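Thanks for coming. I have one model to go through today, and I will keep to what can be computed from its atoms.

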Amino acid sequence: MDHTDRRILAVLEGNARTSAAEIGRQIGLSRTAVQDRLSKLEASGVIRGYRVQVAQAKDDLIRAILFVKISVRPCDPALNWMASLEGVQEVISLSGELDALVRCTVPDVAALTALNDKIGASDFIASSSSSVVLRMLNSGA
């Protein structure tokens, strides 16, 4: 992955629905060159999918943060597995006492319990706990 690939990824992180033509305009490549690079990034596993990130979850959904200690090294297999689970919005790899924060949105408390149980039961995971998010404020950044 080179500097141009990182620039493409930065555009997609801001808006995963940005067209190849628009990415090309922003970074100075043709649409076809961007499409070729996207295909290679997808094939190599750098891009594993495109997600919708909900700015404000509906009031009837449960938002939570899971605090995870990973039992295997390297952590990437565990991080990637957690990121693939239904309800997981984001997995943040950390240094320090905890190895990861998992931000999730689920339909109800039963689904949160099931997700936490599934993560906690994995051989990848040493421990997992969760806290329900009461309120989220945007920093404006």
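I will start with the overall picture, then take the cysteines, and then a handful of residues one at a time.

First, the ground rules. This is a predicted model, so local features need pLDDT of at least 70 and side-chain atom pairs count only at pLDDT 80 or more, while totals for chains, interfaces and linings use all residues. Residues are numbered from 1 along each chain as its sequence is written, and side-chain values use heavy atoms, with hydrogens and water left out.

Now the fold. The protein chain has five helices and four strands. Helices here are DSSP runs of H or I with at least four residues, strands are runs of E with at least two, and both are numbered from the N terminus. In sequence order the pattern is α-α-α-β-α-β-β-α-β. The C-alpha trace spans about 45 × 35 × 25 Å along its principal axes.

For contacts, I mean heavy atoms within 4.5 Å. Among contacts in the protein chain with a separation of 6 or more, 62% join residues 24 or more positions apart.

On exposure, buried means under 20% relative accessible area, exposed means over 50%, and partly exposed is in between, with a 1.4 Å probe and protein chains only. Of the 141 residues in the protein chain, 31% are buried. The exposed surface comes to about 9,200 Å², and carbon and sulfur atoms supply 50% of it. Those areas come from the Shrake-Rupley method with a 1.4 Å probe, and for residues only the protein chains shown count as cover.

As for charge, there are 16 positive and 16 negative side chains, and the centres of the two sets lie 6 Å apart. Lys and Arg count as positive, Asp and Glu as negative, and His and the chain ends are not counted. Each charge is placed at NZ of Lys, CZ of Arg, CG of Asp or CD of Glu.

Next, the cysteines. How many disulfides are there? The count is zero, taking a disulfide as a pair of cysteine sulfur atoms within 2.5 Å. Why does cysteine 75 have no such bond? The closest cysteine sulfur, in cysteine 104, is 19 Å from the sulfur of cysteine 75, which is too far for a bond. Both residues are nonetheless buried: cysteine 75 has a relative accessible area of 16%, and cysteine 104 has 1%.

Just before cysteine 75 in the numbering there is a point to check on the backbone. The peptide bond from arginine 73 to proline 74 is cis, with omega near -5 degrees. As a general matter, most peptide bonds are trans. Proline 74 sits in the loop between β1 (62-70) and α4 (76-83).

Valine 72 is in that loop between β1 and α4 as well. Valine 72 is partly exposed, at 24% relative accessible area. Beyond its neighbours within four places in sequence, valine 72 contacts Asp123 and Phe124. Its C-alpha is 8.2 Å from that of aspartate 123, although the two are 51 residues apart in sequence.

That brings us to the loop between α5 (109-121) and β4 (125-132), where serine 122 lies. Is serine 122 buried or exposed? Serine 122 is buried, with a relative accessible area of 14%. The side chain of serine 122 reaches the backbone nitrogen of phenylalanine 124 at 3.0 Å. A polar contact is a pair of N or O atoms within 3.5 Å; within protein, one must be able to donate a hydrogen and the other to accept it, and residues adjacent in sequence count only if both atoms are side-chain atoms.

Tryptophan 81, in helix α4, touches this region too: leaving out residues up to four places away, its contacts are Lys118, Ile119, Ser122, Phe124 and Ile125. Tryptophan 81 is partly exposed, at 22% relative accessibility. From tryptophan 81 to phenylalanine 124 is 43 residues in sequence and 9.0 Å in space, C-alpha to C-alpha.

Two strand residues to finish. Phenylalanine 67 lies in strand β1 and is partly exposed, at 26%. Its contacts more than four places away in sequence include Leu98, Ala100 and Leu101, as well as Ser127 and Ser129.

Glutamate 90 lies in strand β2, residues 88-93, and is partly exposed, at 32%. With residues up to four places away not counted, glutamate 90 touches Leu101, Val102 and Arg103.
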